[in-house]
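Work through the exercises below with the sequence and the 3D view open. Try each task before reading its solution.

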Amino acid sequence: MYLEIVSPEATLFSGEVTSVTVPGMNGEFQILNGHAAIVSLLQEGNVRVEGNIKIDEAYASKFSKDASGKVILPIASGTVEMSDNRVIVLAD
């Protein structure tokens, strides 16, 4: 599936991924390939992304990796939309 992570400053990441885990208002949830359409508010926490991910050098300092190799982006709040195998995370 295709993921875009957009902040007020720039598009931090765009590319193919295998899963995205986001901090929803009622708890963390995972989005996988073929997930049903969804729009949700996000709270403070970490966006975790799995796949062969290449982060632009200009934004690499915003991301880290956990012990399992997932790429992590801390956010203060935001929204997520999944539709037609395309995930858009608008993050603050």
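**Exercise 1.** How many residues does the largest nonpolar core have, and which have the most contacts inside it?

*Solution.* Keep in mind that this is a predicted model. The largest nonpolar core has 23 residues. Leu3, Ile5, Val47 and Val89 have the most contacts inside it. Next, look at the elements that supply this core. Those giving two or more residues are β1, β2, β3, β4 (27-32), β6 (45-50), β8 (71-75), β9 (78-83) and β10.

**Exercise 2.** Find the strands that pair with β1, and give the sense of each pairing.

*Solution.* Start with β2 (residues 11-16). It runs antiparallel to β1 (residues 2-6), and 5 bridges join the two. Together they form a hairpin, with 4 residues between the strands. Across this pairing, isoleucine 5 stands opposite phenylalanine 13. Now turn to β10 (residues 86-91). Its pairing with β1 is parallel and also spans 5 bridges. Here valine 6 has leucine 90 as its bridge partner.

**Exercise 3.** Which residues does valine 89 touch, beyond those up to four places away in sequence?

*Solution.* List the contacts in sequence order. Valine 89 touches Leu3, Glu4, Ile5 and Val6. Further along, valine 89 also touches Val22, Leu42, Val47, Thr79 and Val80.

**Exercise 4.** Is threonine 21 buried or exposed?

*Solution.* First place the residue: threonine 21 lies in strand β3 (residues 19-24). Its relative accessible area is 8%. The cut-off for buried is under 20%, so threonine 21 counts as buried. Then check its surroundings. Leaving aside neighbours within four places in sequence, threonine 21 contacts Glu28, Phe29, Gln30, Asn46, Val47 and Arg48.

How values were computed
Residues numbered from 1 in each chain as written. Predicted model: local features only at pLDDT ≥ 70, side-chain atom pairs only at ≥ 80, totals over all residues. Heavy atoms only, no water. Buried < 20%, exposed > 50% of the residue type's maximum accessible area, 1.4 Å probe, protein only. Contact = heavy atoms within 4.5 Å. Pairing = 2+ DSSP bridges. Core = buried A, V, L, I, M, F, W, Y, C linked by side-chain atoms within 4.5 Å.
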